[in-house]
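New to this one? Here is a quick briefing to read alongside the sequence and the 3D view.

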Amino acid sequence: MIVASVGNVLVWAVWLGAAFACLGSAVAVVSFTNPFYSALALIGNLGSLAVLYLLLSSEFVAAAQVLVYAGAVMVMFLFVIAYIGPRTESPWTGGPTWQTIGAVLAAGAILVEIVVAIGLKAGGSLSHSHHVDGAFGTPSYIGRLFLTDHLLAFEITSIVLLVAAIGGVILGAHSRTTADEVPSL
Amino acid sequence: MREPWWISLIKAGVIVNLIMLAFAYTTWLERKLLGRMQNRFGPNRAGPYGLLQPFADLIKLVRKESFFPVAARHPLYIAAPIISMFTALAAFAVIPFGAGWQIWHYHVNGEIANVSIALILIFALGSIGVYGAIIGGWASQSKFSLLGSMRTCAQLVSYEVSLALSVLGVVLMGQSLNLVDIVNKQGATIWFFIPQLAGLLVFFFAMIAETSRPPFDLPEADTELVAGYHTEYGGMRWGLFQTAEYINLITLSALAVTLFFAGWHGPYAPLGPLWFLLKVFIFVSVFIWIRASVPRLRYDQLMRFGWKILLPVATINAVVTALLVVWIS
């Protein structure tokens, strides 16, 4: 029993750490003036989200989150930011007042929506007593769901990604031909 | 089989130290082998056969002044080598090196952690490891470092795709992402390097590029970039980058052995970890041999090789394997 309660404390400690890291890094993303630091904070945010996924026993989603978002996507962000260089000479000083008010209102609305949705849907099932079986969250479980229940969404997403890839190639090829036509000085 | 958490903890401590020792003697092996291949002796002053050379190097590096470029971004500059080192060491946690043993009345598994997503975890840690190079190069605030880190980033991201695709055939045949399952499947059926030869070749080349070893050592091409992303590093901080590179080499060799050569299974005697060690040793030696014999690629050759040769081969291999697996079963 002592071991079980130690495990529970550990879960709580990890959850608290990850949740606050998530919030803190999200605030850091928008408060840094140097975009390089903002991108690093975003990586931290994605990483702490992955820890939260792990606590929900969805290890595949957590690993995919780190591999795809924190790994591959954010590398591109950092690559571009490091190439262009931080524009420290003209830091963003904030938008017009109506924008700030609008943002606060929208965030508040989302918060209310989340609270209401959790209150209505989750009801009494927010407890430790709810058990998931060992197969939940494993790659084979998710793979089966993708190819049965969620096949349409899965395929549509893959087509959207394919279109994006083709668009990227066309944009790249287009800029190259126009660059060739301009006589070099 | 579950084991008490403290056994995993002890095993982790032992394995980390064994890997550090293996790293130290990989540098010795490399210098010795390169020396013999270039008709000289290599290190032969510190201890018999130069066996104490790694420790002499370590003491030298640790005792050096930890200097610091004036323009460097302080926390990131220090964090970068730590990130590289951490991801390199952590990846070994899921690699199985034995069948598991009964010690007294505890069961001890042949790996530190047995997780269902082991393979993805290794690639995820690898993709985080890239940040060590990018952050290090950027935080140094030097042109050579920045160019080196850009190159590293482009090279690692390009070859990561081929690396991940090349193991897809193994995953399809082993029907698992769990490395223990894949090893056991090979022990029961056939070593996967025979049906997955194309996958092994792609994995092999992508692996050299991922560890930025010659002939793919463009990130630190010393004739062009001084030393790439770690130009501004010295002492043990530079040592950490170097350690991470060698440990990545050992880990990826171990991964190749696990995926294609049945890990700790051997043809004659059930020696377990010794077979594993022997195979990893052969792999590492082949890498050193390649370093001694192939000149560095040009940058455009590197990119063309990665995207136009390795990637299509890996893709075709994965598709053909998928078709065959469905057709046979």
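Helices here are DSSP runs of type H or I with at least four residues, numbered from the N terminus. By that count, Ala118(B) has its place in helix H4 of chain B, residues 118–139. Keep in mind as you browse that this is a predicted model.

**Chain A at a glance**

- Chain A comes to 6 helices and 0 strands.
- Going along the sequence, the pattern for chain A reads α-α-α-α-α-α.
- Chain A has 185 residues, and 20% of them count as buried.
- Take the contacts in chain A with a separation of 6 or more: 60% of them come from residues 24 or more positions apart.

**Two buried spots in chain B**

- Back to Ala118(B) in helix H4 of chain B: its relative accessible area is 1%, and buried means under 20%, so Ala118(B) is buried.
- What does Ala118(B) touch, once neighbours within four places in sequence are set aside? Its contacts are Val94(B), Leu177(B), Asn178(B) and Leu179(B).
- Ser293(B) sits 175 residues from Ala118(B) in sequence, and the C-alpha to C-alpha distance between the two is 34 Å.
- Thr211(B) belongs to a loop of chain B, the one between helix H8 (197–210) and helix H9 (222–225).
- Is Thr211(B) buried or exposed? With 2% relative accessibility, Thr211(B) counts as buried.
- Not counting residues up to four places away in sequence, Thr211(B) touches Glu245(B), Asn248(B), Leu249(B) and Leu252(B).

**A pair of helices in chain B**

- Helix H7 (residues 179–188) and helix H10 (residues 235–260) of chain B have axes that come within 8 Å and cross at roughly 50 degrees.
- That angle makes H7(B) oblique to H10(B).
- On the H7(B) side you'll find Leu179(B), Ile182(B), Val183(B) and Gln186(B), which meet Leu255(B), Thr258(B), Leu259(B) and Phe260(B) in H10(B).
- Sorted by class, the contact of H7(B) with H10(B) has 6 nonpolar residues, 2 polar ones and no charged ones.
- Leu179(B) turns up twice in this tour: it is in the H7(B) contact with H10(B), and it is also in contact with Ala118(B).

**Aromatic rings**

- Over all chains, the structure holds 24 aromatic pairs.
- One of them is Phe97(B) with Trp101(B): the ring centres are 6.4 Å apart and the planes stand at 25 degrees, so this pair is stacked.
- Phe97(B) counts as buried at 12% relative accessibility, whereas Trp101(B), at 34%, counts as partly exposed.
- Another pair is Phe204(B) with Phe205(B), and this one is edge-to-face, with 5.9 Å centre to centre and 70 degrees between the planes.
- Here too the partners can be placed by accessibility: Phe204(B) is buried, with a relative accessible area of 15%, and Phe205(B) is partly exposed, with 30%.
- Which residues form one aromatic cluster with Phe204(B) and Phe205(B)? They are Tyr159(B), Trp191(B), Phe193(B), Phe216(B), Phe261(B), Phe283(B), Phe287(B) and Phe305(B).
- Trp191(B), from that cluster, also has a charged companion: the charged end of Lys279(B) sits over the Trp191(B) ring, 4.2 Å from its centre.

Notes. Residues are numbered from 1 along each chain as its sequence is written. Chains are lettered from A and ligands numbered from 1 in the order in which they are written. This is a predicted model: local features need pLDDT of at least 70, side-chain atom pairs count only at pLDDT 80 or more; totals for chains, interfaces and linings use all residues. Side-chain values use heavy atoms; hydrogens and water are left out. Rings of Phe, Tyr and Trp (its six-membered ring) pair if their centres lie within 6.5 Å; planes under 30 degrees apart count as stacked, over 60 as edge-to-face and the rest as tilted. Buried means under 20% relative accessible area, exposed over 50%, partly exposed in between (1.4 Å probe, protein chains only). A charge sits over a ring if NZ of Lys or CZ of Arg is within 6 Å of the ring centre and within 35 degrees of the ring normal. Axes are lines fitted to C-alpha atoms, for helices over the stretch in contact, and angles run from 0 to 180 degrees between N-to-C directions. Angles under 35 degrees count as roughly parallel, over 145 as roughly antiparallel, 65 to 115 as roughly perpendicular and the rest as oblique. Contact means heavy atoms within 4.5 Å. Ala, Val, Leu, Ile, Met, Phe, Trp, Tyr, Cys and Pro count as nonpolar, Asp, Glu, Lys and Arg as charged, and the others, Gly among them, as polar.
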